[in-house]
Amino acid sequence: MHYKTRGTCSSAIDLEIENGIITECKFTGGCRGNTAGLALAVTGQNAKEVMDKLRGIPCRGATSCPDQLSRAIEQYLAEHQ
C-alpha cells in the first residue's frame with residue numbers, strides 16, 4: 001500500500017502487512033536516518049501493536065513520521081480485513 005503522509009517531512013510510506021506482521025515499510029523523504037531506522041525497527045513486528053505504540057507521537061505540530069506510520073497501518077488493516 002502507498003500511503004500519502006500529511007504534516008511531516010516524509011511524503012509517503014510504502015507498507016505491506018501479512019498475517020498481521022509488517023513485512024515491508026519504506027518512507028519517502030523525511031530525516032533519512034530516523035525513517036530508515038524506524039522502518040527497520042517495525043519490520044517483522046505485529047502491526048496492531050506498532051500502530052498502538054506509535055499513535056499520537058508529535059514532532060511538527062500534532063503529528064510525526066511514527067504517528068503517520070500508525071495511521072498508515074490503521075488504513076491498511078481497514079482495507080484488508
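T8 is buried in this predicted model, with a relative accessible area of 18%; buried here means under 20%, exposed means over 50% and partly exposed sits in between, using a 1.4 Å probe and protein chains only. Residue numbers start from 1 along each chain as its sequence is written, and side-chain values use heavy atoms, leaving out hydrogens and water. Since the model is predicted, local features need pLDDT of at least 70 and side-chain atom pairs count only at pLDDT 80 or more, while totals for chains, interfaces and linings use all residues.

**Around T8**
- You'll find T8 in the loop between β1 (2–4) and β2 (10–18); strands are DSSP runs of E with at least two residues, helices are H or I runs of at least four, and both are numbered from the N terminus.
- Leaving aside residues up to four places away in sequence, T8 touches T63, S64, C65 and Q68, where contact means heavy atoms within 4.5 Å.
- The side chains of T8 and T5 share a polar contact of 3.4 Å (N or O atoms within 3.5 Å; within protein, one able to donate a hydrogen and the other to accept it, and residues adjacent in sequence count only if both atoms are side-chain atoms).

**The sheet**
- Three strands, in the order β1-β2-β3, make an open sheet with antiparallel pairing; pairing takes at least two DSSP bridges between two strands.
- β1 and β3 (21–29) are the edge strands, each pairing on one side only.
- β2 and β3 pair antiparallel over 8 bridges, and I13 sits opposite F27 in β3.

**The helix on top**
- Helix α3 (residues 65–79) packs on the sheet and touches β1, β2 and β3.
- The direction of α3 makes about 45 degrees with that of β2; axes are lines fitted to C-alpha atoms, for helices over the stretch in contact, and angles run from 0 to 180 degrees between N-to-C directions.
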